[in-house]
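Could you walk me through this model in the viewer, one selection at a time? I would like to know what to pick next and what I will find there.

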Amino acid sequence: MAITKTVTLKAMRFHEATVLPIDEPATLWVDYEIMVDDPDDDDLPVRTHKSDKFFADSDVNGQEQIIQDIFKIVFKIT
């Protein structure tokens, strides 16, 4: 069999800009689960997690449509 890689969007979180305790801009976080599997390998599946972050000036054109849509909403872009 072949090794398969599945990337699943698990969550999206928006954090308003903060000043204290550290200065951080408004941020859209996108959390993924990445699973690598092969039915013929007893050591698999292997799961890892990844988070991407986007700011108001980030380019999201290459991202999934749902990320582009949520980005426009949270950063109030028309």
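Start by selecting Phe14, which is partly exposed, with a relative accessible area of 29%. Keep in mind as you go that this is a predicted model.

**The aromatic rings**

Now add Phe75 to the selection. Its relative accessible area is 15%, so Phe75 counts as buried, since the cut-off for buried is under 20%. How many aromatic pairs does the model hold? The count comes to two. One of them is in your selection: the ring centres of Phe14 and Phe75 are 5.6 Å apart and the planes meet at 85°, so this pair is edge-to-face. Angles over 60 degrees fall in that class. Zoom out a little to see what the pair brings together. Phe14 belongs to strand E1 (residues 4-15) and Phe75 to the segment after helix H1 (65-74), so the contact ties together parts 61 residues apart in sequence.

Next, pick Phe71. Here the centres of the Phe71 and Phe75 rings are 4.8 Å apart with planes at 55°, so the pair is tilted. Phe71 is buried, at a relative accessible area of 4%. With Phe14, Phe71 and Phe75 all shown, you have a cluster linked by ring pairs.

While you are in this part of the model, select Ile70, which is found in helix H1. Ile70 is partly exposed, with a relative accessible area of 28%. Then put a distance label between the C-alpha atoms of Ile70 and Met12: they are 8.7 Å apart in space, although 58 residues separate them in sequence.

One further stop here is Lys76, in the segment after H1. Check the backbone of Lys76: phi is near 50°, a positive value in a residue other than glycine. Lys76 is exposed, with a relative accessible area of 71%.

**The salt bridges**

Side chains of opposite charge can pair when their charged atoms come close. How many salt bridges does a search of the whole structure find? It finds three, and you can visit each in turn.

Begin with Asp31 and Arg13, which form a salt bridge whose closest N and O atoms are 2.9 Å apart. Asp31 sits in strand E2 (residues 27-37) and Arg13 in strand E1, so distant parts of the chain, 18 residues apart, are linked. Buried or exposed, what is Asp31? Asp31 is buried, with a relative accessible area of 15%. Its partner Arg13 is partly exposed, at 34%.

Move on to Arg47 and Glu33. Their closest N and O atoms are 3.7 Å apart, and the two form a salt bridge. Arg47 lies in strand E3 (residues 46-54) and Glu33 in strand E2, so this pair ties together parts 14 residues apart in sequence. Arg47 is partly exposed at 49% relative accessibility, whereas Glu33 is buried, with a relative accessible area of 17%.

For the next bridge, select Lys50 and Asp52, where the closest N and O atoms are 3.7 Å apart. Lys50 is partly exposed, with a relative accessible area of 39%.

**Along E2 and into the loop**

Return to strand E2 and click on Asp37. At 22% relative accessibility, Asp37 counts as partly exposed. For a sense of distance, label the C-alpha atoms of Asp37 and Lys53: 16 residues apart along the chain, they are separated by 27 Å.

Now show Asp40, Asp41, Asp42 and Asp43 as a surface. What do these residues form? Together they make a negative surface patch. Focus on Asp43, whose place is in the loop between E2 and E3. Asp43 counts as exposed, at 67% relative accessibility.

For the last stop, switch to a backbone view and select Leu44 and Pro45. Which form does the peptide bond from Leu44 to Pro45 take, cis or trans? That bond is cis, with omega near 15°. Pro45 is found in the loop between E2 and E3, which is also the place of Asp43.

Key
Residues are numbered from 1 along each chain as its sequence is written. This is a predicted model: local features need pLDDT of at least 70, side-chain atom pairs count only at pLDDT 80 or more; totals for chains, interfaces and linings use all residues. Side-chain values use heavy atoms; hydrogens and water are left out. Rings of Phe, Tyr and Trp (its six-membered ring) pair if their centres lie within 6.5 Å; planes under 30 degrees apart count as stacked, over 60 as edge-to-face and the rest as tilted. Helices (H or I, at least four residues) and strands (E, at least two) are DSSP runs, numbered from the N terminus. Buried means under 20% relative accessible area, exposed over 50%, partly exposed in between (1.4 Å probe, protein chains only). A salt bridge is a side-chain nitrogen of Lys or Arg within 4 Å of a carboxyl oxygen of Asp or Glu. Patches are made of residues with over 30% relative accessible area and no salt bridge: like charges are joined within 9 Å, nonpolar side chains (Val, Leu, Ile, Met, Phe, Trp, Tyr) within 5 Å. Accessible areas come from the Shrake-Rupley method with a 1.4 Å probe; for residues, only the protein chains shown count as cover. Lys and Arg count as positive and Asp and Glu as negative; His and the chain ends are not counted. The place of a charge is taken as NZ of Lys, CZ of Arg, CG of Asp or CD of Glu.
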